[in-house]
Amino acid sequence: MKISYNWLNDYIKTDLSVEKVASVLTDIGLEVEGVDKVESAKSNFNGVVVGEVIDCIKHPNADKLKITQVKINENEILQIVCGATNVDIGQKVPVATIGTILYDKEGKEFKIKKSKIRGEDSFGMICSEEELGIGENHEGIMVLDSHIKLGMPIKEILTTSSDYTLEIGLTPNRTDAMSHFGVARDLASALKSRKVKSELLPISIEEFKLDEENTNPVQVEIEDANLCPRYSGIYLKDVEVKPSPEWLQKKLRTIGLTPINNAVDITNYILHSYGQPLHAFDADKIKGNKLKVGSVQKGTKFVTLDNVERNLDGTELVIKDSEDQPLCLAGIYGGLESGVSSTTKNIFLESAYFNPISIRKTSKKEGISTDSSFRFERGVDPNNTLLPLKKAAELFKELANATLVGEIIDEYPQPIKEVNTVLRYHKIDQILGKRIHRDQIKEIVKSLDFTIISDVNDVLDLNVPTYRVDVTREIDVIEEVARIYGYNHIDIPEKFSFTYDNNQQNEEDLLEDSITNLLKFNGFYEVLNNSITTKKMEDTNYVELLNPLSSDLSVMRQTLLYGMLQTVSFNYNRNQKEIKLFELGKVYFKTSGNNYLENKKLGLILSGNFQSNNWISKENRSSFFHLKGIVYQLLNSLGIQPSEKPIHSNLYDEGIELSMNNTYLGEISIISPSQLKEFGIKNEVYFAELDWDNILDLSTKRKALKFEEISKFPGSSRDLALLVDKNVNYFDLYKTAFNEEKILIKSINLFDVYEGEKLPVGKKSYALNFIIQDERKTLTDSEIDAVMNNLINIYSREFKAELRN
């Protein structure tokens, strides 16, 4: 949020420099992130003098140009080619002579030189306000008062000023400080606590009066007082919509706003002065001269000021006319048809308090964020609608010649009361670790506009002003006292006391640490992705947020895949060629009966190079089997021996499901190209998602460790090359072998798969290696051959496998 130093001084009187003010604001929690100097004009105007146009003729070679003779002193006349439509004989004008340096609206300097324009010499430039940097009017030259002395330097006539903008990093709960007066109020409290001379200037509306004290031409009806607890308004007649005066435009430009016209600029000025959003309706476009605050039927069409047609669903709070046609999204955005324009003559000016939750929901649903909605959804002061309204009305009278008609409307059926809380002195001592004098505490509390109801037995009974929506508990009041007192004034003790926690880290955390370390030792990097994702990426059983941050972040994730693919894409776009990532995180599902399920998953992703090119080995691309090997290493380290079966999904090209004792462990897959295309990934990606909760339950790490003696007897290795149908999977061969010989076969490894022209159609070749071992004795060749012949017979019978030579 930007605050103008000069604007701030309209509400607080102090001799502090801008640097000191920034330091104090930072100390009390309104952190100033930067201070920038703002000049009303960048040029020093050296070389710009007052001239008089003594001749003006049409340019012979250009319809829109004129050749002028401009006298800049008694002895010198300059010929200047000018394109302004308003230049004429007898005018006193600012003339930039040759060599003068000016600045364009982007801040880039340019030097005035002798030039030839369409064949005619030009020895300078007659300037507009924009070219001098003192305004935005570029439609014509600046015409000076005729009594100004010829040849006078322009800098002796124009008044320029400098200002500073303070960029405050405001926390969302501090709505009370989202204005110049709010910051001044907080600053005054801090300076008073520090015994620095200052004065918070009072805001007076005592002189406010109506011009015509009859019935207000517009009636207001609040249909839902819960969504609109208070609605105030005033009628302004015979308004002249025109450009704002320079002082108002300058204030708005200083904080980064572009002046529009006096009607819009006044509402923006009041908003940034007092923090209360206002809205101006063209009163002649209010059908039936009645405003109703409520909802409309589902499906009602409404075109907002940005010329976007919106389809309302009936949950939005709107301001509508007597025919229930919406005129404004309450507290958020006005309507295209009811807004103030250059032809507006009569205005109904609104100042209201709307339910913050309602405003936030509509703002997020429609994707609209405005200065008004930003404040309403955080909570403005419900008891401060009239003061800003009256201040705005006075400005309309002054700057737009408006007439105030009828009584001020103020519908407030159930006034919102101040929050009551207590403050115990000993609790402040305990929290801050320091004893602050009780009188100073009461002084701070009073300076923050808290009302002390009673002070009995070292307990303050307090009422909190309604503009402090963030203060509802005792701890909040303690924070306010500490903030104004100054955290830097609370000494750091030389001695710290603490209690040593002898509790051991729980077993699940230790297990998680061991697995993450195992993955890191294998070259994996841990990632943490957002648990909130877009609805398009999930199925129908998603968990939807009641108050989503945006339409792209509206549901809870059901898989770690999409977030990890975004990370892969991010890394590929930055020329990372070796992708090894893992994530431990939760996924969320909606089950039958509107119940919810939350599971912890371990996701692993491989892509690109598994091993970079080096002097020992060549570049090695990641593969499905690299990932499978790491998953098996992980599971085996936990005492889990999984079984596997093939799976099919629109997410995967190929994949396997892992389980043990009918308990689901997870999946390993090759992600389909169609999914990768959505993320702009061109390389193959291998992904595993493991059910961490089930793995923890099965892990033998959570039970007593068992040790077995290494066998004294050697094992033997045998190979089989089998010709099988293409639909036969390796897993089927693997499972069949172990089912047939559970004791002697210790391991099976697939070391070659071949499909080619030399094989019969519809066939492929598997090369398998078997390790055969007996823990009790050394096996003879005949015993080993018996095992292998038995396997050959089973494979031939069940899979029609043939031995290859």
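**Figure 1. The whole chain, with its 19 helices and 43 strands.** Helices (H or I, at least four residues) and strands (E, at least two) are DSSP runs, numbered from the N terminus. This is a predicted model, in which local features need pLDDT of at least 70 and side-chain atom pairs count only at pLDDT 80 or more, while totals for chains, interfaces and linings use all residues. Residues are numbered from 1 along each chain as its sequence is written, and side-chain values use heavy atoms, with hydrogens and water left out. The radius of gyration of the protein chain is 39 Å, well over the 28 Å that the globule rule gives for 805 residues, so the chain is more spread out than a compact globule. That radius is taken over C-alpha atoms, and the rule is 2.2 Å times the number of residues to the power 0.38. Along its principal axes, the C-alpha trace spans about 125 × 90 × 65 Å. Of the 805 residues, 47% are buried; buried means under 20% relative accessible area, exposed over 50%, and partly exposed in between (1.4 Å probe, protein chains only).

**Figure 2. A look into the largest nonpolar core, which has 76 residues.** Such a core is a set of buried Ala, Val, Leu, Ile, Met, Phe, Trp, Tyr and Cys residues joined through side-chain atoms within 4.5 Å. Leu 25, Ile 234, Leu 236, Leu 349, Phe 396, Leu 423 and Ile 441 touch the most other members. Helix α9 (residues 386–400) supplies the largest share of this core, 8 residues. A second, separate core holds 32 residues, among them Ile 515, Leu 519, Leu 634 and Leu 690.

**Figure 3. Ile 234 and its contacts.** Contact here means heavy atoms within 4.5 Å. Leaving aside neighbours within four places in sequence, the partners of Ile 234 include Phe 208, Leu 210, Ile 347, Phe 348, Leu 349, Leu 389 and Ala 393.

**Figure 4. Helix α5 (residues 246–254) and its surroundings.** Leu 248, Gln 249, Lys 251, Leu 252 and Thr 254 are the buried residues to look for in this helix. They pack against β1 (2–4), α1 (5–8), β3 (32–39), β13 (162–168), α6 (262–274) and α9. After α5 comes Gly 256, with a positive phi near 90 degrees.

**Figure 5. Helix α18 (residues 730–740) under its cover.** Tyr 730, Phe 731, Leu 733, Thr 736 and Ala 737 are buried in this helix. Their cover includes strands β36 (643–647), β40 (716–725), β41 (745–754) and β42 (763–772), along with helix α19 (781–799).

**Figure 6. Pro 413, in the loop between β25 (403–411) and β26 (419–424).** Not counting residues up to four places away in sequence, Pro 413 touches Ala 225 and Pro 229. The C-alpha atoms of Pro 413 and Arg 230 are separated by 7.4 Å, although these residues are 183 apart along the chain.

**Figure 7. Two loop residues, Asn 401 and Lys 800.** Asn 401 lies between α9 and β25 and has a positive phi of about 55 degrees although it is not a glycine. Its relative accessibility is 41%, so Asn 401 counts as partly exposed. Lys 800 sits between α19 and β43 (802–803), and this non-glycine residue also has a positive phi of about 55 degrees. At 62% relative accessibility, Lys 800 counts as exposed.
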